[in-house]
Amino acid sequence: MKFRMGVAALSLTGLLISAYLWMFKHGYIGALACGSGECATVQLSEYSSFLGVDVALLGALAYGALLGLAMLGLQPGWVDRQEPTRAMLLLSAGGVLFAAYLTGLELFVIHAICRWCVASAVIIATVFV
């Protein structure tokens, strides 16, 4: 039960980060609060879309699904069932692989690091573990 509550909290945080990055890319907010990072460079690069869909939107959808699964798993009829946990494991494993791919692009292709992206990668890795 504590595991699922932790996944819910982390997923909500990831959802908020993804929404923040998506809002920046589409001009709903001004500059990104990024400190010394190069978030805008990453967010506005040609690699900020995957198969025509914004990476931030994909992140928001994935975190939303994880949040929904975690909340489902907290419901009385689902507490003892393993299906939500298995689904969260599969979804987070895909997220870790995708985050690794994106981090590789940041390091070796874009040559810029987005702190928000790093935070998201840490969140999805923590959910997976």
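Two rings of Phe, Tyr or Trp count as an aromatic pair if their centres lie within 6.5 Å. The structure under view, which is a predicted model, holds 5 such pairs.

**Stop 1: Phe50 and Phe98**

Select Phe50 and Phe98 to begin. Their rings form an edge-to-face pair, with 5.1 Å from centre to centre and 75° between the planes. The pair links distant parts of the chain, for Phe50 belongs to strand E1 (residues 49–50) and Phe98 to helix H4 (residues 83–110), 48 residues apart. Add Tyr101 to the selection: Phe50, Phe98 and Tyr101 form one aromatic cluster. With a surface displayed, Phe50 is partly exposed, at 33% relative accessibility, and Phe98 is likewise classed as partly exposed, at 23%.

**Stop 2: Val55**

Keep Phe50 and Phe98 visible and select Val55, which is located in helix H3. Val55 has a relative accessible area of 17% and is therefore buried. Beyond the residues within four places in sequence, the contacts of Val55 are Tyr47, Ser48, Ser49, Phe50, Phe98 and Leu102. Both rings of the first stop, Phe50 and Phe98, are thus among the contacts of Val55. A distance label drawn between the C-alpha atoms of Val55 and Leu102 should read 9.1 Å, although the two residues are 47 apart in sequence.

**Stop 3: the loop at Leu51**

Next, select Leu51 in the loop between E1 and E2. The backbone is the item to inspect here: phi of Leu51 is near 55°, a positive value in a residue other than glycine. Is Leu51 buried or exposed? Its relative accessible area is 76%, so Leu51 is exposed.

**Stop 4: Lys25 and Asp54**

Side chains of opposite charge can pair when their charged atoms come close. The structure holds 2 salt bridges. For one of them, select Lys25 and Asp54, whose side chains meet at 2.9 Å, N to O. Lys25 lies in helix H1 and Asp54 in strand E2 (residues 53–54), so this salt bridge ties together parts that are 29 residues apart in sequence. The partners fall into separate accessibility classes: Lys25 is partly exposed, with a relative accessible area of 25%, whereas Asp54 is buried, at 12%.

**Stop 5: Arg81, with Glu83 and Trp78**

Select Arg81 and Glu83 for another salt bridge, in which the side chains meet at 3.3 Å, N to O. Both ends are partly exposed, Arg81 at 36% relative accessibility and Glu83 with a relative accessible area of 40%. Then add Trp78 to the selection. Arg81 lies over the face of Trp78, at 4.1 Å from the ring centre. Arg81 therefore takes part in two features at this stop, the salt bridge with Glu83 and the placement over the ring of Trp78.

**Stop 6: the nonpolar core**

In soluble globular proteins, nonpolar side chains tend to be buried together. The largest nonpolar core in this model has 28 residues, of which Leu21, Leu32, Val42 and Leu66 touch the most other members. Colour helix H1 (2–25), H2, helix H3 (55–73), H4 and helix H5 (115–128), the elements that give two or more residues to this core.

Now centre the view on Leu66. Which residues does Leu66 touch, not counting those up to four places away in sequence? They are Val7, Ser11, Met88, Leu91, Ser92, Ile124 and Val127.

Ala65 may be selected for comparison, as a residue of helix H3. Ala65 is partly exposed, with a relative accessible area of 34%. From Ala65 to Val7, the C-alpha to C-alpha distance is 11 Å, and the two are 58 residues apart in sequence.

**Stop 7: Val42 and Ser45**

From the core residue Val42, move to Ser45, in the loop between helix H2 (39–43) and E1. A polar atom of the Ser45 side chain lies 3.0 Å from the backbone oxygen of Val42. Ser45 counts as buried because its relative accessibility is 15%, and buried means under 20%.

**Stop 8: His111**

The tour ends in the loop between H4 and H5, where His111 is found. His111 is not a glycine, yet has a positive phi of about 60°. At 59% relative accessibility, His111 counts as exposed.

How values were computed: Residues numbered from 1 in each chain as written. Predicted model: local features only at pLDDT ≥ 70, side-chain atom pairs only at ≥ 80, totals over all residues. Heavy atoms only, no water. Phe/Tyr/Trp six-rings, centres within 6.5 Å; stacked < 30°, edge-to-face > 60°. Helix = DSSP H or I, 4+ residues; strand = E, 2+ residues; numbered from the N terminus. Buried < 20%, exposed > 50% of the residue type's maximum accessible area, 1.4 Å probe, protein only. Lys NZ or Arg CZ within 6 Å of the ring centre and 35° of its normal. Polar contact = N/O pair within 3.5 Å; in protein donor to acceptor, adjacent residues only side chain to side chain. Core = buried A, V, L, I, M, F, W, Y, C linked by side-chain atoms within 4.5 Å. Contact = heavy atoms within 4.5 Å. Salt bridge = Lys/Arg side-chain N within 4 Å of Asp/Glu carboxyl O.
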